[in-house]
Amino acid sequence: MNKPNDPAYSRVLLKISGEALMGDQGFGLHPPTVAKIAEEVRSVHELGVEVCMVIGGGNIFRGLQGSAQGMERTTADYMGMLATVMNALAMQSALEALGIHTRVISAIRMDEVAEPYIRRRAVRHLEKKRVCIFAAGTGNPYFTTDTAATLRATEMSCQAIFKGTLVDGVYDKDPAKHQDARRYDKISYDDVLAKNLKVMDASAIALARDNGLPIIVFSLDEPGGFRGVLSGAGTYTTVQDRA
């Protein structure tokens, strides 16, 4: 039986957007912000929790936006995948500066900078308490990093996906625009899809639902938030089968 402050899960995937690495900048990487997120991961790693990560690339390049500006969609998506590799390398550097052994694992082969994705090898890294950062999405265009995160979490037998955002959970409307926005403590996958709540894209939500994988949405801006939520403290929303 878990003690009150014991982590509820032993293996999790942390999904964050590329924009989370920008800090107050409008573009690119903000090293102090990357270091702050790395510290959050370190605090969870110290609990003995096996952690893997997926980071978006929207702070550098977003394939869908490139496509909207006239670029061929497949090419734009591959550029977005490369942006996620850059973010993964930045996070690896920040984690290793804290003494955390980290592997960047890419769905697109680039052996000089990252390992290729081999499921059994990635699982072994986690068992050895290394943080695995999965980069380059699924390796295929037309799939978002949300879908990649759910796919990798399922393949790694993670017990939950932790989605770090700018707000402390899932709301019925944008809390930045509506003072009467209501936060859900728990909500079902089907309700997220029916209400189009934009927690993750529809493919990712459906994949999580079909595999019974909870999605826990919390704020990255809260110091110690990742560790606290993992132990059942703080404010967050759980997306699962029954609300």
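The exercises below, each with a worked solution, look at two packed helices, one buried helix and two loop residues.

This is a predicted model, in which local features need pLDDT of at least 70 and side-chain atom pairs count only at pLDDT 80 or more, while totals for chains, interfaces and linings use all residues. Residues are numbered from 1 along each chain as its sequence is written, and side-chain values use heavy atoms, with hydrogens and water left out.

**Exercise 1.** Describe how helix H1 and helix H3 pack, and say which residues make the contact.

*Solution.* Two packed helices are described by the angle between their axes and the distance between the axes. Helices (H or I, at least four residues) and strands (E, at least two) are DSSP runs, numbered from the N terminus. The axes, which are lines fitted to C-alpha atoms over the stretch in contact, come within 9 Å for H1 (residues 31-45) and H3 (residues 73-97) and cross at roughly 60°. H1 is therefore oblique to H3, since angles under 35 degrees count as roughly parallel, over 145 as roughly antiparallel, 65 to 115 as roughly perpendicular and the rest as oblique. Contact (heavy atoms within 4.5 Å) is made by Val34, Ala35, Ile37, Ala38 and Val41 of H1 and by Ala90, Met91, Ala94 and Leu95 of H3.

**Exercise 2.** Decide which residues of helix H5 are buried, and name elements that cover them.

*Solution.* Buried means under 20% relative accessible area, exposed means over 50%, and partly exposed lies in between (1.4 Å probe, protein chains only). In H5 (residues 145-155), eight of the eleven residues are buried, so the helix is largely enclosed by the rest of the structure. The buried residues are Thr145, Asp146, Thr147, Ala148, Ala149, Thr150, Arg152 and Ala153. Their cover includes strands E1 (11-16), E2 (50-55), E5 (131-135) and E6 (160-165), together with H3 and helix H7 (202-210). Just after H5, serine 157 takes a positive phi of about 55°.

**Exercise 3.** For methionine 200 and for glycine 23, find whether each is buried, partly exposed or exposed.

*Solution.* Begin with methionine 200, which sits in the loop between helix H6 (189-194) and H7; its relative accessible area is 6%, so it is buried. Leaving aside neighbours within four places in sequence, its contacts include Asp146, Ala149 and Thr150, and these three are among the buried residues of H5. Turn next to glycine 23, in the loop between E1 and H1, which has a relative accessible area of 32% and is therefore partly exposed. Not counting residues up to four places away in sequence, glycine 23 touches His30 and Thr33.

Note on methods:
Axes fitted to C-alpha atoms, helices over the stretch in contact; angles between N-to-C directions.
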